[in-house]
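Reader: Hey, I'm new to this one and could use a quick tour. Can we put it up on the screen and talk it through?

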Amino acid sequence: MKKKLFSSLAAVLGLCLVFSVSVFANQDESDSNNSTENVVAAAVPTCIFTVPNGPLTAGQRYDFKVGTTSTNGPHVFYFTPGDGTSRQRYDGRGGEQNRIFYHSYPGYQYQKSYTASAQTQDQLNISRVVSKSIIVKAW
Amino acid sequence: MKITLSKKRKIMQLIFLLFIIFILLSCSMFSLNSANKTIQQDIYDFSRGDYDILLRPRNSQTPIEKKLGLVEENYLGVGDGGISIEQWESVKNREDVEVAAPVAAIGLYTASAINYSLPERGDSVRYTVKYSTTDGVNTYDLGETYTAYSFLDPNRFSDYSTITDDSLVNVFWGEYPSFLFPLTYHQVVAIDVEEEKKLTGEDYSKLEVSSSGLNPDFDEIPILGLKDANVPLKASIKIENIDLSEDDIRELKHKYKIDSDNGVGFEALSYRDKELHTQLMKEMAEKTSISTEIYELDFSKAISPFYDNYLYADKDYHLLNYEEHPTGEEMWGTIDSGSQKTYYSVGPVNYQFSGNEIFVKQIGKDEKSDIPLYRDIQKEINFVTEGPNVIEGEGLYFKHVGYFEVDQHEEELAASPLGIYGIHPTYLAKDKETLLQPTSLPGSFITTPAHGLISINWAERLKTDTPIDAIRVRVADISGYDKSAADKIKNMAAEFESEGFTVDIVAGASNQSLTINVEGIGEVIQPWTTLGAADTILKSWDISKIILVTFFMMVSLVYIIFSFSNLIKSRRNDELLLMSFGWKKEHIKRLRFNEWSLILGSPFMLAFIMMLVASFIMKETLLIISLVIVFIIVCLSMFLIEKVHKLNVKQEYSPARNGTITWKNTWYYRSHITFSMFQTCIMTIVSIFLTLVMVLQEKQTTQTTLGIYVHGQMEWFYSVLLIFLYSLTILTLIESLLSLWQQRSDEINTFHHIGWNKKQLYSFYLKEVALWSGISVFIGVLISVISYQILFGRIEDSLIWVGGIAVMLFTIILLVSLFVLSNVLHKSINLGYKKVR
């Protein structure tokens with residue numbers, strides 16, 4: 001009789017254990033899905049825009065670095081100098097996280113101020129525009 | 001023993017001929033009726049195009065439209081507007097309107113300016129680039145030549161140094177030898193996505209997708225480009241290897257104060273010192289060329305209007321677009337979002353008339369390229385910029401979001417053209433292979449289909465408060481063009497007209513080609529559209545049908561009367577003989593009835609069986625009904641002929657007193673030839689009058705594609721009926737002549753025995769034929785000419801044709817007569833010899 005009792009108890013505990021494990025597994029999957037969804041919904045790339053320091057010299061070539069926080073490459077990088085000339089764009093190769101653009105600003109008899117901007121685009125979203133002020137010295 | 005008074009051979013001949021007549025008459029009645037049905041059905045199906053009514057602002061009709069009732073194929077691609085969005089929506093919301101699709105011509109725009117890249121070169125190279133455009137006949141240089149240099153000069157930024165024209169700074173790099181894509185202007189039209197989809201079945205939903213945009217300060221306007229449209233632009237690229245050593249480079253750097261590693265490079269010298277830059281360009285131009293390569297890049301094969309993705313040439317200098325040919329390598333490029341700050345509005349072409357000819361004259365030339373201008377063009381401004389800043393207006397740019405296509409309806413009969421999708425080419429009249437097109441700049445006499453489509457939501461912003469040029473209305477609850485549908489359309493048209501619109505009913509419209517003399521090019525064939533072709537074709541068919549059916553029945557009936565008359569005449573003596581043997585009248589009547597039952601009944605039964613089978617196969621009971629009607633008419637005719645002959649049993653003909661022997665013989669034997677004369681007269685009338693009527697109607701109807709199609713459908717029927725008609729006439733002629741000359745066989749023998757040769761015999765008898773057939777033909781010509789003159793007017797232009805046809809008919813009659821006479825002479829003479837023996 002004891003043996004029967006013990007066996008019954010073991011069986012019930014085993015069932016409870018199995019039930020608990022399955023509930024835990026479902027819960028875990030749901031949590032990870034939620035976190036994945038949250039990650040996907042929030043995966044708008046952030047553009048990192050680096051411009052040269054200080055006032056720039058007209059007619060001199062400078063590099064402007066545009067990067068992204070996104071890992072959903074390949075990426076497209078945009079750079080708008082802000083002086084009315086065309087926007088430049090780079091279609092990334094592979095998973096490059098940044099590209100360098102080159103630009104020379106024209107000169108005037110007076111100092112000019114421009115707003116250069118950059119954006120990046122991955123396979124899912126496009127980033128917000130990031131702008132930086134550029135000052136070009138007079139001749 | 002069964003007695004028959006008519007010869008067996010004669011009976012068989014009559015049975016055969018009556019059988020043919022029964023079939024012919026029944027089939028002709030059926031074919032006429034079914035041909036008529038076919039034509040009505042074809043018009044009903046084809047004449048309704050994609051829409052029924054065109055609404056335009058008041059006084060929209062151009063002078064050529066008022067004069068000729070024609071509009072250009074893409075007539076809605078140009079316009080100043082005049083209908084507001086509210087007006088359009090009120091039309092759209094009507095219950096009797098199924099579709100109200102607006103069109104607003106926005107103007108000629110260029111795409112967002114991009115560059116194109118050539119393959120990287122590791123040597124010292126001079127690039128010289130020139131552009132040209134073409135209208136299909138003439139090629140025009142587009143002004144400036146662009147020069148750039150690239151040579152190896154490793155520095156912090158790049159492996160290369162570059163020297164360029166001012167416009168290529170920040171565009172041309174050693175790694176990406178790039179040049180700016182010249183501006184080309186294309187027709188942009190605004191449509192409503194939903195209504196246009198109802199009309200064309202195409203999905204334009206991409207026009208309403210908004211994105212965050214690449215320029216937050218500008219409005220982004222989605223635009224669809226026409227997939228197969230042409231960008232008529234070519235670039236001539238000359239690439240020269242130049243003699244430039246490292247020492248030369250060092251010397252240049254020293255001379256022009258270049259410090260590449262610190263960013264003070266050759267490429268932006270013009271930004272630092274313009275005079276120095278000019279001097280440098282002159283010095284570089286003098287560098288010796290070691291080798292030269294010349295390439296031609298044809299943009300028309302690589303891209304379509306408003307393409308704004310990457311563009312590059314492969315290692316063989318074939319231009320490729322990135323969408324269709326993505327590379328595995330990274331791409332660099334430029335795009336200018338300020339390209340839509342200006343655009344061109346164009347006026348209509350001023351067509352001039354001289355008699356029946358249409359002219360288009362040049363009104364000027366483009367200053368730089370000498371491209372001729374055929375219409376007024378006005379440069380318009382959307383916004384003004386100073387550097388990067390918009391100082392006037394609001395910035396906007398076109399974002400290329402995809403393509404639209406136009407179905408190639410090669411055999412489309414009913415055009416009711418949508419006004420912006422016409423792709424039928426304009427070509428030289430003297431060479432159909434030379435197709436014409438607008439050049440890359442505005443001012444062409446050709447209005448292209450819309451090369452770019454945007455949403456109607458932008459029309460007020462880009463144009464005026466009343467931006468819409470036309471509304472294409474499809475009437476609800478009708479499925480084709482018949483009388484009731486036409487009445488409904490007309491009533492709606494009247495209502496719209498009272499609201500102030502210019503209204504055109506396009507149902508039944510059809511394409512038409514127009515020959516236009518264009519100054520500087522020559523005669524061109526251009527696609528236009530007529531309105532209201534369906535009614536014309538219906539009327540045309542009725543007249544021809546009535547004439548042909550009437551004459552054909554007359555000819556058939558005359559032949560039957562002629563045959564029966566001969567039958568009765570040939571039996572008369574034999575019946576008298578039988579009466580002399582003691583036969584009673586009832587027996588003779590019964591004999592006659594039996595013979596005629598055989599003669600009539602046999603072909604009727606055979607024809608009936610044939611028609612029954614045909615009716616069963618074709619599922620047309622009209623065939624049987626036609627046959628029965630024909631049979632009844634024939635029986636009645638026989639009955640009447642018999643009665644007439646009873647009353648005129650003895651008929652004596654007195655000879656003519658005056659005239660030649662030919663005339664006297666003709667007069668004496670007139671009873672034999674009366675029927676044939678009548679048939680000949682009808683045949684002449686049909687040949688001349690009906691032909692003239694058909695030619696006149698054909699001119700009026702086959703000028704349109706629909707007309708050509710419907711007229712083509714009628715051709716087979718005309719041919720069949722005319723063949724039948726001529727066959728019967730010839731049959732009657734042959735029968736008449738046989739009867740006449742067989743009766744005169746003794747006379748023929750007598751002439752032969754007294755020494756007449758064949759030539760004299762032919763001459764004697766054929767003169768008679770010539771006389772009476774000549775009179776018949778002449779009477780037929782007179783009736784035809786007078787009738788045509790009274791009913792349709794001028795016939796002077798066609799008198800030569802009338803004469804020609806008459807002579808041809810006369811000749812045919814003589815030839816047939818000659819053939820019959822030769823047989824008769826041969827038999828008569830041989831028989832004469834037998835009798836003598």
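**A chat about the two chains**

Author: Let's start with one residue: leaving aside its neighbours within four places in sequence, Glu283(B) is in contact with Leu252(B), Lys255(B) and Tyr256(B). Keep in mind that this is a predicted model.

Reader: Okay, and where does Glu283(B) lie?

Author: Glu283(B) is part of helix α7 of chain B, which covers residues 274-285.

Reader: Is Glu283(B) buried or exposed?

Author: Buried. The relative accessible area of Glu283(B) is 19%, and the cut-off for buried is under 20%.

Reader: Got it. Zooming out, how many helices and strands does chain B have?

Author: Chain B comes to 18 helices and 31 strands. Of its 837 residues, 52% are buried. Taking the contacts in chain B with a separation of 6 or more, 78% are between residues 24 or more positions apart.

Reader: And what about chain A, what's its pattern along the sequence?

Author: Chain A reads α-β-β-β-β-β-β-β, with one helix and seven strands. Chain A has 139 residues, and 36% of them count as buried. For chain A, residues 24 or more positions apart make up 58% of the contacts with a separation of 6 or more.

Reader: Back to chain B. Which residues touch the most other members in the largest nonpolar core?

Author: Those are Phe22(B), Phe564(B), Trp741(B) and Tyr765(B), in a core of 79 residues. Domain 1 (1-47 + 533-651) and domain 4 (655-837) of chain B both contribute residues to this core, so the core lies between them.

Reader: Nice. What does Phe22(B) touch?

Author: Not counting residues up to four places away in sequence, Phe22(B) touches Leu600(B), Pro603(B), Phe604(B), Ala607(B), Leu627(B), Val630(B), Phe631(B) and Val634(B). Apart from that largest core lies another one, of 44 residues, including Leu108(B), Tyr116(B), Val231(B) and Tyr317(B).

Reader: Is there a general reason to look for cores like that?

Author: In soluble globular proteins, nonpolar side chains tend to be buried together.

Reader: You listed Tyr317(B) there. Where is its place in the chain?

Author: Tyr317(B) sits in the loop between β13 (311-313) and β14 (319-321) of chain B. Tyr317(B) counts as buried, at 5% relative accessibility. The phi of Tyr317(B) is near 60 degrees, a positive value in a residue other than glycine.

Reader: Why bring up a positive phi?

Author: Because most residues other than glycine have a negative phi.

Reader: Fair enough. What is the phi of Asp477(B)?

Author: Near 65 degrees, so to speak another positive phi: Asp477(B) is also a residue other than glycine. Asp477(B) is found in the loop between β28 (470-475) and α9 (483-498) of chain B.

Reader: Buried or exposed, that Asp477(B)?

Author: Exposed, as the relative accessible area of Asp477(B) is 73%.

Reader: Switching to helices: at what angle do α16 and α17 of chain B pack?

Author: At about 145 degrees, with the axes of α16 (residues 745-753) and α17 (residues 758-792) 10 Å apart. The crossing of α16(B) and α17(B) is right-handed.

Reader: Which residues meet there?

Author: From α16(B), Glu747(B), Ile748(B) and Phe751(B) meet Leu761(B), Phe764(B) and Tyr765(B) of α17(B). By class, this contact of α16(B) with α17(B) has five nonpolar residues, no polar ones and one charged. Tyr765(B) came up earlier too, among the residues that touch the most other members of the largest nonpolar core.

Definitions and conventions. Residues are numbered from 1 along each chain as its sequence is written. Chains are lettered from A and ligands numbered from 1 in the order in which they are written. This is a predicted model: local features need pLDDT of at least 70, side-chain atom pairs count only at pLDDT 80 or more; totals for chains, interfaces and linings use all residues. Side-chain values use heavy atoms; hydrogens and water are left out. A nonpolar core is a set of buried Ala, Val, Leu, Ile, Met, Phe, Trp, Tyr and Cys residues joined through side-chain atoms within 4.5 Å. Buried means under 20% relative accessible area, exposed over 50%, partly exposed in between (1.4 Å probe, protein chains only). Domain bounds come from an automatic or database domain assignment. Contact means heavy atoms within 4.5 Å. Axes are lines fitted to C-alpha atoms, for helices over the stretch in contact, and angles run from 0 to 180 degrees between N-to-C directions. Helices (H or I, at least four residues) and strands (E, at least two) are DSSP runs, numbered from the N terminus. A crossing is left-handed if the near helix is turned anticlockwise from the far one by less than a right angle, and right-handed if clockwise. Ala, Val, Leu, Ile, Met, Phe, Trp, Tyr, Cys and Pro count as nonpolar, Asp, Glu, Lys and Arg as charged, and the others, Gly among them, as polar.
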